[in-house]
Amino acid sequence: MNREAFLEAVRLLLALDRELVAITFNSLRFALASTAIAAVISTPLGVLIAFREFAGKRLLVSAMHTLMGLPTVVVGLLVFSLLSRSGPLGGLGLMFSPSAVVIGQSVLALPIVLSLVYSGLSRLDPELRETLVTLGASPVQRTTKILREGRIAVASAILTAFGRVVGEVGTAMMLGGNIRWYTRTITTAIALETQKGAFALSVALGVVLLLVAFGVNFGLNYLIRFRGGTA
Amino acid sequence: MSAIRIQELTFSYADSQSRQALLEIPHLAISHGTISVLTGDNGCGKTTLLKLLAGLLIPSSGTIDTAAGPPVLVHQRPYLFAESVRANVAWPLKIRGVKRDELRERVDRALAQVGLTRFALRWALSLSGGEKQRVAIARALVLKPEVLLLDEPTSNIDVASVRTVERVLRMLAGDGTTVVMSTHNEASAYRLADELIPLAAGRPAPLRVNVLQGTLLDPGVNHIGRFRVTTGAEMFCPAATGSFTHAVVRMEDVILSQHEMDSSAQNHLPGTVQAVATADDELVRVDLDCDFPLSALVTHRSVEELSIAPGVRLYATFKASAVRLY
């Protein structure tokens with residue numbers, strides 16, 4: 001990489017280059033959508049697992065922890081086989097669309113939110129649940145209150161999932177296909193632009209991604225240190 | 001009238017290996033508007049019984065009748081919500097959709113009852129143990145429960161708070177609330193209990209002390225004071241200053257004799273035997289009327305030698321120093 005590419009990257013950043021902004025916007029949009037979907041599904045499930053005793057709970061919990069480290073290309077492959085023309089959901093024609101990326105990233109984020117919400121909430125005082133029952137709360141009121149009491153754990157779970165999803169390249173590449181102005185994200189762009197020798201855009205996008213990651217980590221640290229939560 | 005009636009209650013955890021039930025209570029009735037105190041060592045089943053009464057645990061067999069609806073339990077280390085004292089106390093009403101004016105009024109009253117009016121806007125988690133305990137009691141009181149259950153309400157808190165909590169519980173019982181609490185704080189138990197319920201290894205255990213309500217008459221001279229029982233009878237006790245309301249005499253410390261004993265013990269009280277009951281393999285409990293009820297634990301052999309039976313007149317003897325004041 002040469003000096004010109006570096007200067008060009010700085011120029012792209014300072015000028016808020018249209019393509020740079022569009023790609024960044026795509027990345028954030030996909031990651032926000034998939035994290036939101038994962039949060040809506042996983043948070044109530046996490047409450048349920050944390051406060052209910054049932055057969056096979058231990059197995060489920062260790063499965064959840066294992067799935068947290070799911071390789072992105074495996075998720076890509078899995079969703080690809082579902083959405084591709086010959087797959088069971090091929091008729092929807094979702095392949096290489098933003099929806100496909102969001103589905104793949106949701107699958108990735110789901111176990112992360114579930115696992116972290118579960119472990120955060122199970123560290124709450126076991127007497128919380130009994131207190132809510134004895135004060136006469138309905139199941140829905142209990143869940144709402146537990147989430148409120150464990151809000152810092154829930155927020156860190158969601159932030160962590162967002163951080164993972166926004167920086168992953170496997171599913172976005174396999175399911176989105178890096179289509180310019182359509183499904184191209186920061187990570188897929190960096191991977192392909194670098195191969196083509198177009199360093200300037202890669203460097204600029206790399207800086208943006210670092211800033212996002214830094215922001216997420218800063219948020220997590222703030223929650224844990226200043227709001228007395230546990231990750 | 002009983003507020004709570006227990007019949008043939010047993011409880012064990014579903015995954016328990018042991019054959020014996022963790023808790024086994026053949027019969028127990030708790031009267032309306034009284035304070036009942038569960039006593040016994042750690043692990044004797046006090047907390048388990050309270051959770052059964054609160055409906056947080058389901059009996060393995062038997063029945064618990066709580067005529068007045070489900071009681072509210074205040075835990076030993078209450079869980080307070082991460083919000084203000086006021087919000088904590090208001091929450092049970094909020095989830096019931098109580099209107100704003102009524103809610104405010106009931107929360108204010110509950111906070112006043114536990115003496116925390118000035119703490120309403122404080123962050124609940126920043127309070128001391130005793131203050132937290134009182135917030136938890138207020139949070140239960142807003143529901144105006146007919147039965148209030150408390151697990152060790154005076155064990156993790158400072159001395160001043162113990163007195164406040166005791167006063168609050170007395171006042172509640174006076175207003176008709178039935179209070180059932182556990183404690184291993186003897187002083188609290190004797191001062192508060194209308195009924196002592198000793199438990200041992202999950203079973204009701206015999207009561208081994210006489211608890212007499214009354215007043216300390218004078219601080220005493222030569223280490224001896226006088227205590228007047230509410231029935232009007234008097235006994236000698238250790239000299240003491242302060243406001244004591246209860247005298248406690250262990251049943252084992254009461255000696256029975258046919259004639260008045262010429263001894264160093266200060267208390268010689270004539271009385272009539274009311275009942276004789278086997279306490280365990282070794283001991284018999286003899287209930288006397290000495291112008292106030294007084295019980296003694298004696299051996300089977302003594303019962304035979306003194307021909308103790310209902311109606312027999314005897315003397316009860318115990319040292320002034322055997323009387324403990326609370």
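**Overall architecture and selected local environments of chains A and B**

W181(A) is partly exposed, with 47% of relative accessible area, in a model that is predicted. The residue belongs to the loop that runs between α9 (170-176) and α10 of chain A, and its backbone carries a positive phi of about 65 degrees although W181(A) is not a glycine. A second non-glycine residue with a positive phi, E152(B), is found in the other chain, where the angle is about 45 degrees. E152(B) is likewise placed in a loop, the one between β6 (147-151) and α5 of chain B, but at 3% relative accessibility this residue counts as buried, because the cut-off for the buried class is under 20%.

The secondary structure of chain A consists of 11 helices and zero strands, so that, read from the N terminus on, the order of elements is α-α-α-α-α-α-α-α-α-α-α. Taken along the principal axes, the C-alpha atoms of this chain fill a box of roughly 70 × 50 × 25 Å, and 46% of the 231 residues of chain A count as buried. Among the contacts of chain A with a sequence separation of 6 or more, 75% are accounted for by residues 24 or more positions apart.

Chain B, by comparison, contains seven helices and 19 strands. The C-alpha trace of chain B spans about 70 × 55 × 30 Å along its principal axes, and 50% of its 326 residues count as buried. Of the contacts in chain B between residues at least 6 apart in sequence, 67% join residues at least 24 apart.

Within chain A, several residues of helix α10 were examined in turn. T188(A), which has its place in this helix, is buried, its relative accessible area being 0%. The side chain of T188(A) is joined to that of N178(A) by a polar contact of 3.0 Å. When residues up to four places away in sequence are not counted, T188(A) touches V169(A), A172(A), M173(A), N178(A) and T183(A), so N178(A) appears both in this set of neighbours and as the polar partner of the threonine side chain.

T194(A) is also found in helix α10, which covers residues 186-196 of chain A, yet this threonine counts as partly exposed at 34% relative accessibility, a value that lies in between the limits of under 20% for buried and over 50% for exposed residues. A polar atom of the side chain of T194(A) lies 2.6 Å from the backbone oxygen of I190(A). Beyond residues up to four places away in sequence, the contacts of T194(A) are with A189(A), F199(A) and S202(A).

Elsewhere in chain A, E4(A) lies in helix α1, which comprises residues 3-14, and is exposed, with a relative accessible area of 54%. Although E4(A) and A200(A) are 196 residues apart along the chain, their C-alpha atoms are separated by 8.3 Å.

In chain B, the packing of two helices was described in geometric terms. Helix α4 (residues 129-141) and helix α5 (residues 159-174) of chain B pack at an angle of about 15 degrees, and their axes are 9 Å apart. This angle makes α4(B) roughly parallel to α5(B), since angles under 35 degrees are assigned to that class. The crossing of α4(B) and α5(B) is left-handed. On the side of α4(B), the residues that take part are G130(B), E131(B), Q133(B), R134(B), I137(B) and L141(B), and these meet S161(B), T164(B), V165(B), V168(B) and L172(B) in α5(B). Sorted by class, the contact of α4(B) with α5(B) is made up of five nonpolar, four polar and two charged residues.

A further site in chain B is centred on N210(B), whose place is in strand β10 (residues 209-221). N210(B) is buried, with a relative accessible area of 5%, and its side chain reaches the backbone nitrogen of S295(B) at 2.7 Å. Leaving aside neighbours within four places in sequence, N210(B) is in contact with A247(B), V248(B), V249(B), R250(B), M251(B) and V254(B), and also with P293(B), L294(B) and S295(B).

Notes:
Residues are numbered from 1 along each chain as its sequence is written. Chains are lettered from A and ligands numbered from 1 in the order in which they are written. This is a predicted model: local features need pLDDT of at least 70, side-chain atom pairs count only at pLDDT 80 or more; totals for chains, interfaces and linings use all residues. Side-chain values use heavy atoms; hydrogens and water are left out. Helices (H or I, at least four residues) and strands (E, at least two) are DSSP runs, numbered from the N terminus. Buried means under 20% relative accessible area, exposed over 50%, partly exposed in between (1.4 Å probe, protein chains only). Axes are lines fitted to C-alpha atoms, for helices over the stretch in contact, and angles run from 0 to 180 degrees between N-to-C directions. Angles under 35 degrees count as roughly parallel, over 145 as roughly antiparallel, 65 to 115 as roughly perpendicular and the rest as oblique. A crossing is left-handed if the near helix is turned anticlockwise from the far one by less than a right angle, and right-handed if clockwise. Contact means heavy atoms within 4.5 Å. Ala, Val, Leu, Ile, Met, Phe, Trp, Tyr, Cys and Pro count as nonpolar, Asp, Glu, Lys and Arg as charged, and the others, Gly among them, as polar. A polar contact is a pair of N or O atoms within 3.5 Å; within protein, one must be able to donate a hydrogen and the other to accept it, and residues adjacent in sequence count only if both atoms are side-chain atoms.
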